[in-house]
Amino acid sequence: IESFHHLCLEVEQGEGRVVVISGGAGIGKSRLLAEFQEHLQSQNWSVHHGAGYSYASAKPFALWISVLNSVFQIALEERAEARTRKVTDIIQHLLPDYVEMACLLNPLLALNIPLSDVVNSISEETRRERFFDLVTALLQITSKDSPMAVIIEDLHWADTSSLELINHIGRNLSGRHLMLCLTHRPKPDMPLNLPDDLTRTFALSELPQDTA
């Protein structure tokens with residue numbers, strides 16, 4: 001807990017960090033994460049949540065849907081028109097350079113932003129890169145004035161695209177008031193590629209019998 005508090009202070013001073021909690025099922029990841037969240041709330045951080053699920057492991061960017069809905073303050077019951085208006089207004093105000101790319105959010109957030117000429121003219125690979133840049137810029141600008149944590153649980157169920165977006169954001173944390181807090185069960189082939197100097201891993205193992 002003391003190590004986590006120290007990491008929070010670094011983020012509050014403008015040095016983004018990644019916290020990874022790994023361990024087997026039932027080992028205590030959620031319990032430790034609850035302690036972390038309690039501290040964040042006590043320090044008035046903004047916190048956004050996402051999670052991986054076995055039934056969504058093949059859906060691109062599935063675990064980012066709830067995170068983005070939270071950042072844009074979209075309620076589940078909101079209609080497409082209201083969602084679209086809210087997202088468009090926020091991007092125009094905070095990220096004017098990305099207005100042409102806003103339509104890339106349509107499939108994830110159930111929006112109906114018209115396809116821009118710019119997006120229509122670029123390849124699928126370039127669209128993907130621009131989407132990564134858009135989400136990264138969104139998190140950076142919304143954490144500019146106060147610290148933010150994006151908490152994503154159960155990465156072992158995450159789709160490859162979601163993990164690649166995590167890697168991209170992790171490589172762009174330097175100088176930011178932003179923390180990624182991730183939990184997962186051990187999975188050797190999981191393609192996490194986070195910067196060593198910005199990442200702290202808490203690997204949980206079973207307690208010895210006498211300690212338990």
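User: Hi! Where does Tyr55 stand, buried or exposed?
Analyst: Hello! Tyr55 counts as exposed, with a relative accessibility of 71%. Keep in mind that we are looking at a predicted model.

User: Okay. And what about Tyr53, how exposed is that one?
Analyst: Tyr53 is partly exposed, and its relative accessible area is 43%. These two tyrosines, Tyr53 and Tyr55, also form an aromatic pair.

User: How is an aromatic pair described?
Analyst: Two things describe a pair of aromatic rings: the distance of the centres and the angle of the planes.

User: So which numbers go with Tyr53 and Tyr55?
Analyst: Their ring centres are 5.4 Å apart and the planes make an angle of 15°. The pair counts as stacked, because planes under 30 degrees apart are put in that group.

User: How many aromatic pairs does the structure hold?
Analyst: There are five aromatic pairs in the structure. Ring pairs also link a cluster, made of Phe4, Phe36 and Phe202.

User: Nice. Let's switch to pockets. How much space lies in the largest pocket?
Analyst: The largest pocket holds about 320 Å³ of space.

User: Which elements give two or more residues to its lining?
Analyst: Those are helix 5 (106-109) and helix 7. Helix 7 provides the largest share of the lining, with four residues.

User: Can you name some lining residues? And how do they divide by class?
Analyst: Sure! Among the residues lining the largest pocket are Pro60, Phe61, Cys103, Leu104, Arg127 and Phe131. By class, the lining has nine nonpolar residues, no polar ones and three charged ones.

User: What about Cys103, is that buried or exposed?
Analyst: Cys103 is buried, at a relative accessible area of 6%.

User: And the second largest pocket, what is in there?
Analyst: The second largest pocket has about 200 Å³ of space and is lined by 13 residues. Our two tyrosines come back here: Tyr53, Tyr55, Ala56, Ala62 and Ile65 are the lining residues that lie nearest its centre. The lining splits into nine nonpolar, two polar and two charged residues.

User: Back to cysteines. How many disulfides are found?
Analyst: A search of the whole structure turns up zero disulfides.

User: Why does Cys8 have no bond?
Analyst: The closest cysteine sulfur to that of Cys8 is in Cys181, and the two sulfurs are 8.6 Å apart, so they are too far for a bond. A disulfide would need the sulfur atoms within 2.5 Å. Cys8 is also buried, with a relative accessible area of 1%.

User: New topic: where is Gly24?
Analyst: Gly24 sits in the loop between strand 1 (17-22) and helix 2 (29-42). Gly24 is partly exposed, at 30% relative accessibility.

User: What does Gly24 touch, apart from its sequence neighbours?
Analyst: Leaving aside neighbours within four places in sequence, Gly24 is in contact with Lys29, Arg185 and Pro186. As for Leu134, it is 110 residues from Gly24 in sequence and 34 Å away in space, C-alpha to C-alpha.

User: Last one! Where is Gln140 found?
Analyst: Gln140 is in helix 7, which covers residues 124-142. Gln140 is buried, with a relative accessible area of 15%.

User: Which residues does Gln140 contact?
Analyst: With neighbours within four places in sequence left out, Gln140 is in contact with Asn172 and Arg176. Leu63 lies 77 residues from Gln140 in sequence, and their C-alpha atoms are 19 Å apart.

Technical notes: Residues numbered from 1 in each chain as written. Predicted model: local features only at pLDDT ≥ 70, side-chain atom pairs only at ≥ 80, totals over all residues. Heavy atoms only, no water. Phe/Tyr/Trp six-rings, centres within 6.5 Å; stacked < 30°, edge-to-face > 60°. Buried < 20%, exposed > 50% of the residue type's maximum accessible area, 1.4 Å probe, protein only. Contact = heavy atoms within 4.5 Å. 1 Å grid on protein atoms, 1.4 Å probe; cavity = no way out; pocket = protein on both sides within 12 Å on 5 of 7 lines; lining within 4 Å. Points joined across faces, edges and corners; volume = space filled by probe spheres on them. Nonpolar A, V, L, I, M, F, W, Y, C, P; charged D, E, K, R; others polar.
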